Amino acid sequence: MGIETRVYLRCPKCGETYPLDYYRWLCPKCGIPLEVVVEPSSKPTWDKWKLREKGVWRYRELLPPIKKPVSLSEGGTPLIRADRISRNLWIKFEGANPTGSFKDRGMTVGVSIAAEAGARLVGAASTGNTSASLSAYASRAGMKSIVVLPKGKVALGKLFQAVLHGARIIEINGSFDDALAALMEAARRGIVYPLNSYNPWRLEGQKTIAYEIAETIGVPDYVFVPVGNAGNISAIWKGFKELETHGLIDRLPRMVGVQAVGASPLATAWKEGREEPVWFENPETVATAIRIGRPVNWYKALRAVEESGGYLLSVGDRKILGAQMEIARKVGVGVEPASAASYAGYKISIDEGLLDSKDRVVLVATGHALKDPGIVELVGKKSLVAGNVDEAVKLMSELSRGETGGGESKGQGVF
Ligand code: AN7
């Protein structure tokens, strides 16, 4: 049946290519993660894609060919216009994925590849979301999973998911970067098939974020992405470039990467005009998902930002929490702190004149608010206590008149 899709690996730095190999992650010359190249056997077209069900596999011409994907119907997430903030602002709500984060897009491809590679035990180091996603997809595939987590630093919702789906959990006294070092050593010894950011296959699923944005509203002027290991921003940029290569779009967006101040190896390098990251040995931020000091995909990410004409910046924890609350209250979308970093970065960009209100901007909201319920006190929990039904009714009456201070307006009814 005609020509087959061609899949091989390429070093993003030196350009050297390598034949398809599920166990090769790094360029032997440059020591950085390789990227996957998919040369489709049939021409991808929007018309063809639009006839299919929404989700990652709708775009299968540009994905590694997999006969029977391990899938939970990931992708196809809402792109919500944030009218109450700006008519030119959209939020790509990745919290709507099966396990509540964009990681599912990568994991459907990654676990499918692990199955093709004959793996029975898959593993990942994680700040939380990767472990939640990996454990769910491993269960779906009938595989076992091991996750290595920085002890005491993973948000409760994510830890619960890993427990629920039956992952073997190792909590390491150290940072995410230590967890990753351990996992990759186990992978080198053949103990476990690694589905970490070193593994280029997951990024193939994540690039579909770009396809969905372009399909829904065309190409925006800017895409804001929270950056940890820097895989996602690289994947989204790869996605847009592929659409251009195949004649499906005729321009490209600028990519903006947002890090937390306490974990900003790339944003710091950008600010200081350096070509390599400034490693953070003790990263710290309320946005635990992006509490990463040595981002594995730094090279791809810096190139994505540079090539696209975008920039990197960092935002403080207070701004992240404020942004989280504002999206929740002005848009109705609940996101976890790391995801709110993109909105915090957007606000700073508007204030500093880096963006114009006419620019069309998409914020990638990477994970669901329910992932991290532990910060309820930080967000400022406000509730009133009623001893019985009558008291509760009385409190509501007072609230409606703005008398108890719980309502937004003072002295007026809420309605
Ligand atoms: C909500 O789960 O790295 O820059 O181990 O969970 O591609 O790393 C999570 C990352 C942004 C950063 N937002 O993405 C993990 C992990 C959320 C995240 C990121 C993560 P990358």
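**Reading the ligand site and a salt bridge**

An oxygen atom of the ligand lies 2.7 Å from a polar backbone atom of Thr-130 in this predicted model.

Q: Which other residues offer backbone atoms to oxygen atoms of the ligand?
A: A polar contact is a pair of N or O atoms within 3.5 Å. Here, a polar backbone atom of Gly-228 is 2.8 Å from a ligand oxygen, and a backbone N or O atom of Ala-230 is 2.7 Å from a ligand oxygen.

Q: How much of the ligand's accessible area does the protein cover?
A: Of the 480 Å² that the ligand has on its own, 99% is covered by the protein. The space that the ligand takes is the largest cavity.

Q: How many residues surround the ligand, and which are the closest?
A: A residue is counted if one of its heavy atoms lies within 4 Å of the ligand. There are 22 such residues, the closest being Asn-129, Thr-130, Asn-229, Ala-230 and Thr-366. By character, the shell has 12 polar, 8 nonpolar and 2 charged residues.

Q: Which helices each supply at least two residues of this shell?
A: They are helix H3 (129–141), helix H8 (231–245) and helix H12 (337–351).

Q: How many salt bridges does the whole structure hold?
A: A salt bridge pairs a side-chain nitrogen of Lys or Arg with a carboxyl oxygen of Asp or Glu within 4 Å. The search finds 28. One of them joins the side chains of Glu-212 and Lys-92, at 2.7 Å from N to O. Because Glu-212 lies in helix H7 (residues 208–217) and Lys-92 in strand S5 (residues 89–93), this pair ties together parts 120 residues apart in sequence.

Note on methods
Residues are numbered from 1 along each chain as its sequence is written. This is a predicted model: local features need pLDDT of at least 70, side-chain atom pairs count only at pLDDT 80 or more; totals for chains, interfaces and linings use all residues. Side-chain values use heavy atoms; hydrogens and water are left out. A polar contact is a pair of N or O atoms within 3.5 Å; within protein, one must be able to donate a hydrogen and the other to accept it, and residues adjacent in sequence count only if both atoms are side-chain atoms. Accessible areas come from the Shrake-Rupley method with a 1.4 Å probe; for residues, only the protein chains shown count as cover. On a 1 Å grid over the protein atoms alone, a cavity is a set of points where a 1.4 Å probe fits but cannot get out, and a pocket is an open set with protein on both sides within 12 Å along at least five of seven lines; lining residues have an atom within 4 Å of a point. A molecule sits in a cavity or pocket if more than half of its atoms lie within 2 Å of its grid points. Helices (H or I, at least four residues) and strands (E, at least two) are DSSP runs, numbered from the N terminus. Ala, Val, Leu, Ile, Met, Phe, Trp, Tyr, Cys and Pro count as nonpolar, Asp, Glu, Lys and Arg as charged, and the others, Gly among them, as polar.
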